[in-house]
Amino acid sequence: MTDPIDIVIVGGGTAGWMTAAALAATVGKDYRVRLVESDQIGTVGVGEATLPQMKDFNDHIGILEAEMMARTQATFKLGIEFRDWGYPGSSYIHPFGEFGRPRGGVDFLQHWVRARQAGEAEPIEAYSYAVQACRHGRFDFPVEDKSEINSTYAYAYHLDAGLYAAYLREFAQARGVERTEGRIVGVDRHAESGLVEAVQLESGEKVSGDWFIDCSGFRSLLLGETLEVPFEDWSEWLPCDRAVAVPSERDDRPAPFTRSTALEAGWQWRIPLQHRTGNGHVFCSRYISDDEATARLLENLDSAALADPRVLRFQAGRRSRSWEGNCIAVGLSSGFLEPLESTSIYLVQVAIMALTRLFPRRRPEPALINEFNRLVDYEYDRVRDFLILHYHLNQRDDGELWRHCREMSVPDSLAEKMELFRRRGFIDRYRFGLFAPPSWISVFLGQGLSPAGHEPLADNTPLEDAIGRMRELQASIDSRVQVMPAHGEFVADYCPAT
Ligand code: FAD
């Protein structure tokens, strides 16, 4: 019998325990998984808002939704409200769902643009089931019948990141993952190949392995510090570099969405959980001090703070390769894009899913490594463009950050997307990555970029027909949303905290 293949996971934050849980559930008994974490160092401890793809991850590894939600004090999330982003006083919701329905083989947006130009359409959010559910504070599961309007959305979770990591730890340990508590103080490498052979703990113990998964957080202990894989700095486009976070008292009527409010030198998040509300102010240290940013956050809270505010520092960007030799970085050790669209845990998930499909046996295989790096880079680049769009498309005149972002030159890939939307409302799925067309539509329109024209195919539907259909759709959404359960009641019934 051959020895099992040893995988060592360095770090036990969300990334480390998600990786451990997924490997334990999927890779089989040829592999032995060990996770090293340091209680003394702790985790980043934020990361409460997610994307709908998290449900796929949990389903894939066999996590039961209601149990996970109860254990993590979770609520449902149907989208994100952006307040004051286009200009002070403005508001729009980026929903996890469609706007309207296609007609005559043409996207709803195209009919809406024609009707809007004729003065016969409401703002686009009137035709989104998910947005209307958010606006009314309601939640229910989408129905399976795709012909129904209440099948046209998905949902994610707000959850306590610390509790989620603890839940995954229990899940992974029950499936054979071995946990070692200890601080890593050194890394051994093979003299010729440069491959990582072992990590040394403060206690003197050495933990050796065939593969090392670096989940050590911003420090990037293996990939960055040891293997010196360069960091690509994207702060010229995403200049926010700090956040101050504080929990506050719970909301009795939790909204089924995250709120993001633009401020003079950044923005503030508000995330309703069952036991508390998560709050944070993401800001650019060039334009505001830590003390001022903290004061601003505290004065904006809707409920009493439950702890002292905590400042976190970061830099936007990613490592030029996430997989080098026998070391694969997952999570903050591979890169970070600020939490505006809750994409970090999603990027962890992307890396894990790619890894479980491409995992070699004992030796690094260049074809697999290259494909992994290509997949991860692809996701990062597209998320980056989507985030930059939020900052770039603004008409705010209250801070240097906003003027800088409005006037900065953006990556060509984003400039092209904006131009196609401006001319035709054209959004082609292959160019846009994680975020589907409705996501881009909501930000383009919500922050003031409207199409000047529409696709010629839309003219095959008589305008009166299109307008009549839109009115029916709006009436149908309104009547159904009215009878949905209140979000807080739904949560209390489905997954009360344990
Ligand atoms: P960490 O949580 O930092 O874990 C690192 C682990 O490595 C720890 O266990 C630590 O003990 C261990 N470690 C480090 N050095 C050593 C050593 N020498 N020896 C032993 N162990 C070591 N993501 C979202 O998806 N949604 C959000 O809403 C969101 N909000 C965020 C807000 C802010 C302000 C920030 C900064 C991030 C946010 N994120 C969000 C990102 C999210 O928090 C992270 O992606 C996620 O928590 C994963 O972190 P991690 O596990 O990579 O790192």
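1. Let's start with Glu341. In this predicted model, Glu341 is buried, because 22 other C-beta atoms lie within 10 Å and 20 or more is enough to count as buried. Glu341 sits in the loop between strand S21 (335–336) and helix H9 (344–358). Setting aside residues up to four places away in sequence, Glu341 touches Ile80, Phe386 and Leu387. The UniProt record, an unreviewed entry, lists Glu341 under "binding site", which makes this loop a good place to begin looking.

2. The same record is worth following further. Its "binding site" annotation, again from an unreviewed entry, also covers Gly12, Gly13, Thr14, Ala15, Leu332 and Ile345. These six span 334 residues in sequence, yet no two of their C-alpha atoms are more than 13.9 Å apart, so they gather at one spot.

3. Leu332 deserves a look of its own. You will find Leu332 in the loop between strand S20 (327–329) and S21. Is Leu332 buried or exposed? Leu332 counts as buried, because it has 25 C-beta neighbours inside 10 Å. Leaving aside neighbours within four places in sequence, the contacts of Leu332 are Ala15, Val44, Gly217 and Phe218. One of these, Ala15, is itself covered by the "binding site" annotation in the UniProt record.

4. Next comes Ile345, which lies in helix H9. With 26 C-beta neighbours inside 10 Å, Ile345 counts as buried. Not counting residues up to four places away in sequence, Ile345 touches Thr14, Gly47, Thr50 and Met54. Thr14 is another residue that the UniProt annotation covers.

5. Now for the ligand. How many residues surround the ligand, and which are the closest? There are 39, and the closest are Gly11, Gly13, Gly47, Gly217 and Gly331. Several of these names have come up already: Gly13 in the UniProt "binding site" annotation, Gly47 as a contact of Ile345, and Gly217 as a contact of Leu332.

6. As for what builds the shell around the ligand, helix H1 (14–26), strand S2 (31–37), strand S13 (242–248) and H9 each supply at least two residues. By class, the shell has 18 nonpolar, 17 polar and 4 charged residues.

7. Away from the ligand shell as a topic, helix H4 (residues 108–117) is a nice feature to inspect. Because 8 of its 10 residues are buried, H4 is largely enclosed by the rest of the structure. The buried residues of H4 are Phe108, Leu109, Gln110, His111, Trp112, Val113, Arg114 and Ala115. Helix H13 (437–446) and helix H14 (463–482) are among the elements that cover them. Following H4 is Gly119, whose phi is positive, near 75°.

8. Finally, the overall picture. The secondary structure of the protein chain comes to 15 helices and 21 strands. The radius of gyration is 23 Å, which agrees with the value near 23 Å for a compact globule of 498 residues. Along the principal axes, the C-alpha atoms fill a box of roughly 75 × 50 × 45 Å. Of the 498 residues, 48% count as buried. Among contacts between residues at least 6 apart in sequence, 77% join residues at least 24 apart.

Conventions:
Residues are numbered from 1 along each chain as its sequence is written. This is a predicted model: local features need pLDDT of at least 70, side-chain atom pairs count only at pLDDT 80 or more; totals for chains, interfaces and linings use all residues. UniProt positions are given in the numbering used here, feature names are shortened, and annotations may be inferred rather than shown by experiment. Helices (H or I, at least four residues) and strands (E, at least two) are DSSP runs, numbered from the N terminus. A residue is buried if 20 or more other C-beta atoms lie within 10 Å of its own, exposed if 12 or fewer, and partly exposed in between; C-beta atoms are placed from the backbone. Two residues are in contact if their C-beta atoms, placed from the backbone, lie within 7 Å. The radius of gyration is taken over C-alpha atoms; the globule rule is 2.2 Å times the number of residues to the power 0.38. A residue is near a molecule or strand if its C-beta atom, placed from the backbone, lies within 6 Å of it. Ala, Val, Leu, Ile, Met, Phe, Trp, Tyr, Cys and Pro count as nonpolar, Asp, Glu, Lys and Arg as charged, and the others, Gly among them, as polar.
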